[in-house]
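Ready for a few warm-up exercises? Have a look at the structure below, try each task yourself, and then walk through the solution.

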Amino acid sequence: MARDIVSSANVDLESSGRRDYWVALGHTSVWGSHLIPLTVIVGPQARPGQGLVAFGGNHGNEYEGPVALKHLLREIRTEDVLGRLVLVPVLNVAAFHVGQRESSGDDGFNLNRVFVEGAGLSPAMAGITHRIAAFVRQCIWPHVHICIDLHSGGEVARFAHWTGFFTCADAALSQRREEMARWFGTRIVLAGSNTPPDGISRGLYNEADDLGKFSIGTELGYGASTDVSGVRYARQGVLAAAIHHGQLRGTIEPIGHHAEGTQSLVRHGGSVAAPYPGHYEPLVDCGGKVAQGQTVGLLHDFYRLDEEPFEARAPTAGIVVSQAWGARVDQGQMILMIGEEIG
């Protein structure tokens with residue numbers, strides 16, 4: 001199918017029917033533009049301010065989301081769309097172009113850290129990464145109430161597959177968010193508060209929640225590869241959310257751990273940072289259950305071969321959600337995360 005190259009001001013998310021775009025954001029070093037792929041399908045029951053957006057490629061070396069959304073572009077029939085679907089297979093095209101977490105070929109920023117005041121509007125934040133954030137704010141947020149941000153670990157961390165949601169004071173709303181997360185089919189469903197760690201700017205899924213949207217995040221693989229189950233979970237989660245929220249006609253059956261009744265609801269049970277640069281050796285696979293204080297991994301210093309390695313111990317009993325992916329880690333890098341089971 002042909003895609004129209006348009007400026008962000010000319011993206012139409014309101015008119016009925018399907019439109020396939022390359023959204024052009026000007027390049028700062030060559031005569032041309034960064035082109036963001038975006039497909040919108042608007043059905044007969046679309047309501048102002050309501051719809052579902054699914055993003056892949058927030059980071060440029062995480063591929064499960066882009067692959068799953070590329071499949072859905074071909075699978076979803078326009079006549080089955082009741083509300084509004086917006087699919088963005090690759091959001092951070094600058095990072096995707098170089099296969100890196102950040103836009104290292106351009107301004108060097110991490111898109112999931114630049115949803116800050118003035119992004120893309122002030123001269124100090126006029127690079128492509130900040131302008132992508134501004135594009136999301138100006139062109140997409142006003143038209144959707146559901147946001148799915150499909151991540152995996154890239155080359156930073158290995159994960160047990162999980163889908164996460166933000167809890168809130170409204171118990172009924174938290175329950176609806178949990179159900180949405182469970183329908184992806186992952187073994188782990190992570191419940192957390194919308195409070196990024198100190199010193200880390202807010203990301204896309206944080207801002208979506210700030211704006212009152214249903215905001216779901218995932219980690220569906222690692223190693224800058226394409227995980228079989230991760231792609232399947234991503235596709236399932238987007239379709240289930242669209243169907244259950246009246247944006248897409250059809251029915252859907254549970255898959256994976258959701259179908260088997262083997263999902264674990266967890267909350268953040270603590271993380272361990274590397275006290276010095278070294279090489280990390282996991283002793284328990286991601287997804288494994290551990291006791292509080294159990295040694296889950298060892299950090300080796302090969303410049304002090306005769307010293308005992310640092311023991312990364314579980315801060316609490318639970319499930320190993322994440323560990324360092326590459327053996328070589330930097331000082332201060334998170335090398336272990338435990339999920340404390342709550343249901």
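**Exercise 1.** Take Glu341 and work out whether this residue is buried, partly exposed or exposed, then find its salt-bridge partner.

*Solution.* Keep in mind that this is a predicted model.
- Step 1: Glu341 has a relative accessible area of 34%, so it is partly exposed.
- Step 2: its salt-bridge partner is Lys289, and the closest N and O atoms are 3.4 Å apart.
- Step 3: Glu341 sits in strand β18 (residues 334-341) and Lys289 in strand β13 (residues 289-290), so this pair ties together parts that are 52 residues apart in sequence.
- Step 4: Lys289 has 56% relative accessibility, which puts this residue in the exposed class.

**Exercise 2.** Which parts of the chain does the salt bridge between Arg235 and Glu75 tie together?

*Solution.*
- Step 1: check the contact itself. The two side chains meet at 2.8 Å, N to O.
- Step 2: place the partners. Arg235 belongs to helix α6 (residues 228-244) and Glu75 to helix α1 (residues 64-75), so the bridge joins parts that lie 160 residues apart in sequence.
- Step 3: look at accessibility. Arg235 is partly exposed at 33%, and Glu75 is partly exposed too, at 38%.

**Exercise 3.** Compare the span of α1 with the one expected at 1.5 Å a residue, then find which elements cover its buried residues.

*Solution.*
- Step 1: α1 has twelve residues, and going from its first C-alpha to its last takes you 17 Å.
- Step 2: the expected figure is 16 Å, so the two are close, given that the expected span is 1.5 Å times one less than the number of residues.
- Step 3: pick out the buried residues of α1, among them Leu69, Leu72 and Leu73. Glu64, Gly65, Pro66 and Ala68 are buried as well.
- Step 4: look at what lies over them. The cover includes the strands β2 (17-26), β3 (33-42), β4 (52-55) and β5 (84-88), along with the helices α2 (93-98) and α6.

**Exercise 4.** Is Asp301 buried or exposed, and how does its salt-bridge partner Arg304 count?

*Solution.*
- Step 1: Asp301 has a relative accessible area of 16%, so it is buried, as the cut-off is under 20%.
- Step 2: Arg304 counts as partly exposed at 46%.
- Step 3: in their salt bridge, the closest N and O atoms are 3.0 Å apart.

**Exercise 5.** How many salt bridges does the structure hold, and which residues are linked in a network?

*Solution.*
- Step 1: the total is 19 salt bridges.
- Step 2: the network links Arg77, Glu79, Asp80 and Arg249.

Conventions. Residues numbered from 1 in each chain as written. Predicted model: local features only at pLDDT ≥ 70, side-chain atom pairs only at ≥ 80, totals over all residues. Heavy atoms only, no water. Salt bridge = Lys/Arg side-chain N within 4 Å of Asp/Glu carboxyl O. Helix = DSSP H or I, 4+ residues; strand = E, 2+ residues; numbered from the N terminus. Buried < 20%, exposed > 50% of the residue type's maximum accessible area, 1.4 Å probe, protein only. Contact = heavy atoms within 4.5 Å.
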